[in-house]
Amino acid sequence: MGRTLAEKVWEDHVVTRADGEPDLLFIDLHLLHEVTSPQAFDGLRKNGRQVRRTDLTIATEDHNTPTIDIDKPVADPVSRTQLETLRKNCADFGVRLHPLGDVEQGVVHVVGPQLGLTQPGMTVVCGDSHTSTHGAFGALAFGIGTSQVEHVLATQTLPMAPFRTMAVTVNGELPEDVTAKDLILAVIAKIGTGGGQGYVIEYRGEAVEKLSMEARMTICNMSIEAGARAGMIAPDATTFEYVRGREHAPRGADWDAAVEYWKTLRTDEDAVFDHEVVIDGGELAPFVTWGTNPGQGAPLSASVPDPASFEDEGAKVAAEKALEYMGLRAGQPLREVGVDTVFVGSCTNGRIEDLRSAAAVLQGRQVADGTRMLVVPGSVRVSLQAVEEGLDKIFTEAGAEWRHAGCSMCLGMNPDQLKPGERAASTSNRNFEGRQGKGGRTHLVSPQVAAATAVLGRLASPADLTDVPALVEA
Amino acid sequence: MEAFTTHTGRVVPLRRSNVDTDQIIPAHWLKKVTRDGFEDGLFEAWRKQDDFVLNQKAYKGGTVLVAGEDFGTGSSREHAVWALQNYGFKAVISPRFADIFRGNSLKNGLLTVVLPQQTVDALWALAESDPSAEVTVDLVQRKVFGPGVEAAFELDENARWRLLEGLDDISLTLKNDDAISAYESGRPAFKPLTQQA
């Protein structure tokens, strides 16, 4: 019987296999950031261990970093200590670090692909659940806890329990106003936040094959929101072109050998998935969340659902609690939900294409009175590219705040937070209670919907802006 | 790691599904660089509500948390496990756990027990009618039992053995050092390096 993409990559990394034991897998790339690594380095010190492969390890600062006044000392002393701890750990153990202020600094999942360190067929881990992002290259990439971070630092391997395989096939063509974000939000709403539990999902089908690398990263990024161990997309010409020429991409004969191998990384025609989900891409529409987990979403054109309409008792109770927290009532059209803050950024939607599409909607328009819009590039490189294209000007002229790179309001570990009761349309990945600040309310959206929402001050898609034509300069 | 064999304690009924790790320990607590001192951050937002279960006297000192399905979803933060342990929990029971949370629990000796919703319902009913009732979570027999409730649970044999023995995974892996070195010597030259070692 044939093998799936995930099975092929897994098999190529087995170091030891024994009955009744988890496979020991070799890890090709270990990404580190300041939040989930300090206790791991402490563990190494306590046991007199070294980092086994500093040449397969790289660190950046992202979760805690401020997005304004980055030339000044970090104001929060606890954040500052955590950043300083990472710097000391990297210096002590010989790990490459891109700190705040460095041109390669940024959100860890933006930095890896951008440097060309993420390539097809690799195993990639990081103490961060959104490591699934890297699966867009046909890599097997998963988030790990701090004990596992220590394990990889010490051994460059991980014992991994077996997984099941799921295919999410998206047929047809996505309508023009539907993005990768809408697609993945619809997938999560369909299978639920626990639907992917134990699975590695492979996204496939015509609609997926047509997506750019950055759009593919958006999809794989949110696999964890469906509970999946990882998400993957088979590498193809789009992938190879994205990797080619990047700082750490193979060159010369190595490139040829790599591409030859990468081309084998496709699910065999006779392979069988443990579970299959099929979606008609042509039926999708701009999507937003209304609740407090990423599975509680609906098309923007819909209304807030009535909890009583859920058959499952658990889902009903969860919906009631969510509406209470979100300050929404059943039957309220989503397009009538007013928003205080709009956040564009994160490892889900903080790349250059995301900024371009938000800017295209905002160009010549203004952010609504009483609405605040924050634009936070995923990395310094993304920021520089955006400035070169003049996107920063479009944002600031529209009244948005143009910030420095980092995780920012996605999780509010730095000062970028919602106030209690404030409502946000956010291009990030989690609408959990308090995720973006204590008492804050989050609606997950695409960059286009975020920009249109900023203009109208209520949840909206670009199609709703016909009454607000862009100003054309005389 | 602390070994886990069997534990008897009172149940704290958490009638919620989709308890994500942001609820278990909010992000601002993650700035700490230690593995302890997270107890006050556990369920921080909910603990500000008087009627939250952990604020009720009857459930003070409970050590077995029983929650709805999809417990520990979201962020990979191991701090969620440390916060539960720092607070005093020894075991968590739910119909379904998020994979990363479950793996993190295993590494720290916090036992996660998967039981069907109807058993969870029975445990909730038990704890709500008699908060002083004790249940036993027995990893040796792979059973949970208490007044009127008895249920067997599954856990893969290797994970169970590591928990029972309190084994350090890194030491176990380092016994395979030769195999790791052999694998390394066979890796293709085109794989990227972050720097020259």
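Start with the enclosed spaces of this predicted model, where the count comes to 6 cavities of 30 Å³ or more. The largest cavity holds about 200 Å³ of space, and to find it you can select His63(A), Asp128(A), His130(A), Leu411(A) and Arg435(A), which are the closest to its centre among the 22 residues that line it. If you colour the lining of the largest cavity by class, you should find 7 nonpolar, 11 polar and 4 charged residues. Which domains of chain A does this lining draw on? At least three residues come from each of domain 1 (5-275) and domain 2 (331-467) of chain A.

Next, select those two domains, into which chain A is divided, and look at how they meet. Their centres, taken over C-alpha atoms, are separated by 25 Å, while 36 residues of domain 1 of chain A are in contact with 33 residues of domain 2 of chain A. The size of an interface is often given as the accessible area lost when the parts come together. Between domain 1 and domain 2 of chain A the buried area is about 2,800 Å², and carbon and sulfur atoms give 56% of that area. Now pick out Thr67(A), Lys181(A) and Glu214(A), which supply 23% of the area that domain 1 of chain A buries against domain 2 of chain A, more than any other three residues.

Stay with Glu214(A), and extend the selection to helix 8 of chain A, where Glu214(A) is buried along with residues including Met213(A), Arg216(A) and Asn221(A). Because 9 of the 9 residues of helix 8 (residues 213-221) are buried, this helix is largely enclosed by the rest of the structure.

Then move to the second largest cavity, which has a volume of about 170 Å³. Of its 17 lining residues, the closest to the centre are Thr292(A) and Glu433(A) together with Arg16(B), Ser17(B) and Asn18(B). Helix 11 (residues 313-326) of chain A gives the most to the lining of the second largest cavity, with 4 residues, and by class that lining has 6 nonpolar, 6 polar and 5 charged residues.

Finish at the largest pocket, in which about 950 Å³ of space lies. Select Ala161(A), Arg229(A), Asp99(B), Arg102(B) and Asp156(B), which are the closest to its centre among the 33 residues that line the pocket. Which element gives the largest share of this lining? Helix 3 of chain B does, with 6 residues, and among the other elements that each supply at least two residues are strand 7 (140-143) of chain A and helix 5 (157-165) of chain B. The pocket lining divides into 15 nonpolar, 7 polar and 11 charged residues.

How values were computed:
Residues are numbered from 1 along each chain as its sequence is written. Chains are lettered from A and ligands numbered from 1 in the order in which they are written. This is a predicted model: local features need pLDDT of at least 70, side-chain atom pairs count only at pLDDT 80 or more; totals for chains, interfaces and linings use all residues. Side-chain values use heavy atoms; hydrogens and water are left out. Buried means under 20% relative accessible area, exposed over 50%, partly exposed in between (1.4 Å probe, protein chains only). On a 1 Å grid over the protein atoms alone, a cavity is a set of points where a 1.4 Å probe fits but cannot get out, and a pocket is an open set with protein on both sides within 12 Å along at least five of seven lines; lining residues have an atom within 4 Å of a point. Grid points are joined across faces, edges and corners, and a volume is the space filled by probe spheres set on the points. Ala, Val, Leu, Ile, Met, Phe, Trp, Tyr, Cys and Pro count as nonpolar, Asp, Glu, Lys and Arg as charged, and the others, Gly among them, as polar. Domain bounds come from an automatic or database domain assignment. Contact means heavy atoms within 4.5 Å. Buried area is the accessible area (1.4 Å probe) that two parts lose on being put together, summed over both.
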